[in-house]
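Here's a quick tour for anyone about to load this one into a viewer. Have a look at the sequence and fold first, then read on.

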Amino acid sequence: MNMENKQNYDIKIISYYTGFIILWTSLLMLIPIIVSILFKEWGALADFIISINIALSTGLILIMFGKKSLGKVRFQWKHGLIVASLSWILLMFLCAIPYRLSGHALSFLDAAFDVMSGFTTTGLVLTQDLEHLSLSLNTWRHILTFVGGQGMVVLALSFLMRDTAGAYKMYVGEGKDIELVPNVKGTARIIWAISMSYLAVGTLLMWINGMMIGLKPVSAFFHGLFIFMSAWSTGGFAPMSQNILYYHSMSYEILTIIFFIIGSFNFGLHYAVWQGNKKEIVKNIEIQSFFITATLTSFFIALGLSKLNVYTDAVSIFRKGIYHLLSAHTTTGFASLYARQFALEWGDFAVIMLIIAMLIGGSACSTAGGFKGLRVGIVFKGIIADIKKLLSSERRVRVFKFHHIKDLILDDGVVKSTSLIIICYVVLFSIGTVIGSYYGYPLLSSAFEAASVTGNVGLSIGVTSPSMPSLMKLFYIIAMFLGRLEFISVFALVGFLFGGIKKICSRR
């Protein structure tokens, strides 16, 4: 097979699996369609019928175009990485159509921003007038963040008829690498079984609590469903523009804390506990790292707020200070304050603590963002290991390990790859801070918002708004995308596209 034919087959096999992922994700629009029929939202029904037809047609065209490539070329790592990143980009545009048709997004860029914010479980919002959003569109918003937490590739793989050789490569391309069972299709189904089980229990508890604080039964159900979806996926979306502040309820806040901390844990940890291995909670390096960094940053937040007398009692410090620290650290983005209160009341020290927490994030192979507690733990253990090597005898060969679901060797390659990903996050955060400063936003506010998009958090200090420059919106979309897929698959897509353009130019 010559190079030109090979490239054509590469494009076709990427097209086939991208279409497969688009097809199954697009079918989720049936849920808001049913909601719009039940609640007689005819305008929203028309929006979703138009949108689902466009999305399904796109998926089917890509499948038909690429179908002949099956069996003609071996599915490689580059195919899996490119499929994962390309499907996210195309789905961003397709899933933004009902937003734009609704009239609640001032531009298609704003609509695409909110879809990427949902997919990446970031939670920053440009959609206008949430209080008057149709129930079906609000359902769609929260479906996107719930599915995005698990991953669209994970969703599509659950419906594979057989476990293909390329399935694992697409799965890794979406920023996950844990294998709960020997085949990736089984792993995908277990991830969904875990999430749906928590969804049933969590929605019930939130529903009951909602009625206890005065919401009517139907309203309490949907609020509970939406808030749990966002908490579990560490997404931060809420049905009202005031976010968690709308409920003015400590019990509601405590429930969300429980759910978003659990949601930020590795799916491998959930499965290990389900299998009866409860010791994993204590032994796991990610959990150890999370509780150490969460405890330290919580202490410093409380110290900073107490020094400024922002909140006068322990309950207020917990509800306003610690709540937002945990929301930031798990990359959830729920807020019970107005955005500008961070800048006007908290002081620089407390805001810096939030920035650090947002960048660290939750667990790898979870719904959380950030550069992950696992990587923090590995780098820290790597530093300790190097110090011990320097202090020990040169003749003595020491093997260092860390525990993450199982005992793993801490070699130089693991530490190096971990450090490179952290560096990528820091570079992305720095670029975002510089861009914000260039457009005239205060340095600390620019850094806060850059940390929020880079870590897929969703807390805002007031920078994110429909009036901010289009270049910032575009960069934030890219930052959310890169942060969620953890760079590698996006780099593969960019390399593939530029390689193709280079070949076309060289022929001319």
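## The nonpolar cores

Which residues touch the most other members of the largest nonpolar core? Keep in mind that this is a predicted model. The core in question holds 147 residues, and the ones that touch the most other members are Trp140, Trp346, Ile355 and Phe448.

Take Trp140 and leave out anything up to four places away in sequence: what does Trp140 touch? The list runs Thr25, Leu28, Met29, Pro32, Phe48, Cys95, Pro98 and Tyr99. There's also a second core, separate from the big one, made of eight residues, including Ile285, Ala364, Ile378 and Ala385.

## Where H11 meets H12

Helix H11 covers residues 217-232 and helix H12 covers residues 250-263; their axes sit 7 Å apart and the helices pack at an angle of about 40 degrees. Angles from 35 up to 65 degrees fall outside both the roughly parallel and the roughly perpendicular ranges, so H11 counts as oblique to H12.

On the H11 side, the contact uses His223, Gly224, Ile227, Phe228, Ala231 and Trp232. Facing them from H12 are Tyr252, Thr256, Phe259, Phe260, Ile262 and Gly263. Sort the residues of this contact by type and you get eight nonpolar, four polar and no charged.

## A hairpin with one residue in the turn

Strands S1 (residues 401-404) and S2 (residues 406-409) run antiparallel and are joined by four bridges. One of the pairings puts His404 opposite Lys406 in S2 as its bridge partner.

What sits between the strands of this hairpin? There's one residue, Ile405, and it takes a positive phi near 70 degrees.

Notes
Residues numbered from 1 in each chain as written. Predicted model: local features only at pLDDT ≥ 70, side-chain atom pairs only at ≥ 80, totals over all residues. Heavy atoms only, no water. Core = buried A, V, L, I, M, F, W, Y, C linked by side-chain atoms within 4.5 Å. Buried < 20%, exposed > 50% of the residue type's maximum accessible area, 1.4 Å probe, protein only. Contact = heavy atoms within 4.5 Å. Axes fitted to C-alpha atoms, helices over the stretch in contact; angles between N-to-C directions. Helix = DSSP H or I, 4+ residues; strand = E, 2+ residues; numbered from the N terminus. Parallel < 35°, antiparallel > 145°, perpendicular 65-115°, else oblique. Nonpolar A, V, L, I, M, F, W, Y, C, P; charged D, E, K, R; others polar. Pairing = 2+ DSSP bridges.
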